[in-house]
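Me: Hey, can you walk me through a structure? I'd like to see how its middle is put together.
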Amino acid sequence: MTGMPLISDTQNTWCPGCGNFSIQHALKAVLSTLESEGISRDTMVLVTGIGCHAKMADYFNINSFYCIHGRTIPVATGIKIANPDLTVICCAGDGDAYAEGLDHLIFGAKRNIDITVIVHNNRVYGLTTGQYTPTSPLGFRGRSTPAGTLEYPLNPLEMMLATGATFVGRGYSRKIDSLKSLIREAILHRGFSFIDVLQICATFFDVHDVYDQYVYELRDHESASFDRAMEKAREWDYNNKGPIALGAFYRAKLPTFDQKVTAKIISLEGRTAAIQRILDERR
Ligand SMILES: Cc1ncc(C[n+]2csc(CCOP(=O)(O)OP(=O)(O)O)c2C)c(N)n1
Ligand code: SF4
Ligand SMILES: [Mg+2]
């Protein structure tokens, strides 16, 4: 695929004004820069869930795995362990990552597997036309909750910090420059990197006026401190209006799961020999 445009010619079916366009644009810019810096496109893999966000797999000319709902992380984990040289990126939805696939998200963070998870958090099930998700605010009126939800939302940043993610950030689909820097840093981070992107769903949950009013960029923040990161993560509860910090909340360097697996369980030489044996048996 090297040499082809990064964006495929597949017909794009996102609604006009959808925040997915911005995330696509930011990811494209980052991948293109990484390619020009020597990371071959052949070593990049994009794993997506199911939902509007998941069409990223169709819209990029890159190795991709369009998996079932909520399962980006186990698939990405398998890919990374099978070939630790790959750069593995997941684009998941909020329904995908925080509902259907929540257990996988937690275990990905707990293991510190070296993958990047970008959650297109539009706080709604977009593809299935507007049901509430774990990050929809209390009282959200959607297709499945016409009288409003009765539940408080999850705070995904707090959860990711608590479960062991070594890079935790938040972006916003209308702040593309900071989103680009965040995505780049997350991809280059060794370990489980997680970005919650506040993504506008123009059709079912367009709260850009609220976000535009409350977002601000983190400055002079001690991102090496777990306690400071948790404090910042708790500043906004995904429900009430309040200051919404954007940027890298937490950065830590710890051994990764894939390093431990290759060091202790299957040596790279053993893996190559095993792959060769399987190939020989099939001939
Ligand atoms: C196991 C399973 N459960 C439910 C569905 C139906 N389904 C498809 S997309 C979707 C919601 C997607 O929401 P989200 O992950 O937030 O993505 P978005 O469309 O908002 O990008 C659901 C429930 C499915 N395809 N598979
Ligand atoms: S339904 Fe929402 S998330 Fe899906 S394409 Fe339309 S605007 Fe985007
Ligand atoms: Mg969604």
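Reply: Sure, we'll talk about a strand and then the core. This is a predicted model, where local features need pLDDT of at least 70, side-chain atom pairs count only at pLDDT 80 or more, and totals for chains, interfaces and linings use all residues. Residues are numbered from 1 along each chain as its sequence is written, while chains are lettered from A and ligands numbered from 1 in the order in which they are written.

Me: OK, how many residues of strand 6 are buried?
Reply: Six of its six, residues 193-198. Buried means 20 or more other C-beta atoms lie within 10 Å of a residue's own, with C-beta atoms placed from the backbone. Strands are DSSP runs of E, at least two residues, numbered from the N terminus.

Me: Which way do they point from strand 6?
Reply: Ser193, Ile195 and Val197 go one way, Phe194, Asp196 and Leu198 the other.

Me: Which strand pairs with strand 6 in the parallel sense?
Reply: Strand 4 (residues 116-121) does, over six bridges; pairing takes at least two DSSP bridges. Strand 5 (residues 167-172) also runs parallel to strand 6, joined by six bridges. In strand 6, Ile195 is the bridge partner of Ile118, and Phe194 that of Val168.

Me: New topic: how many residues are in the largest nonpolar core?
Reply: It has 59 residues, and those with the most contacts inside it include Val117, Ile118, Val168 and Phe194. A nonpolar core is a set of buried Ala, Val, Leu, Ile, Met, Phe, Trp, Tyr and Cys residues joined through C-beta atoms within 7 Å.

Me: Any general idea behind that?
Reply: In soluble globular proteins, nonpolar side chains tend to be buried together.

Notes:
Buried ≥ 20, exposed ≤ 12 C-beta atoms within 10 Å, placed from the backbone. Helix = DSSP H or I, 4+ residues; strand = E, 2+ residues; numbered from the N terminus.
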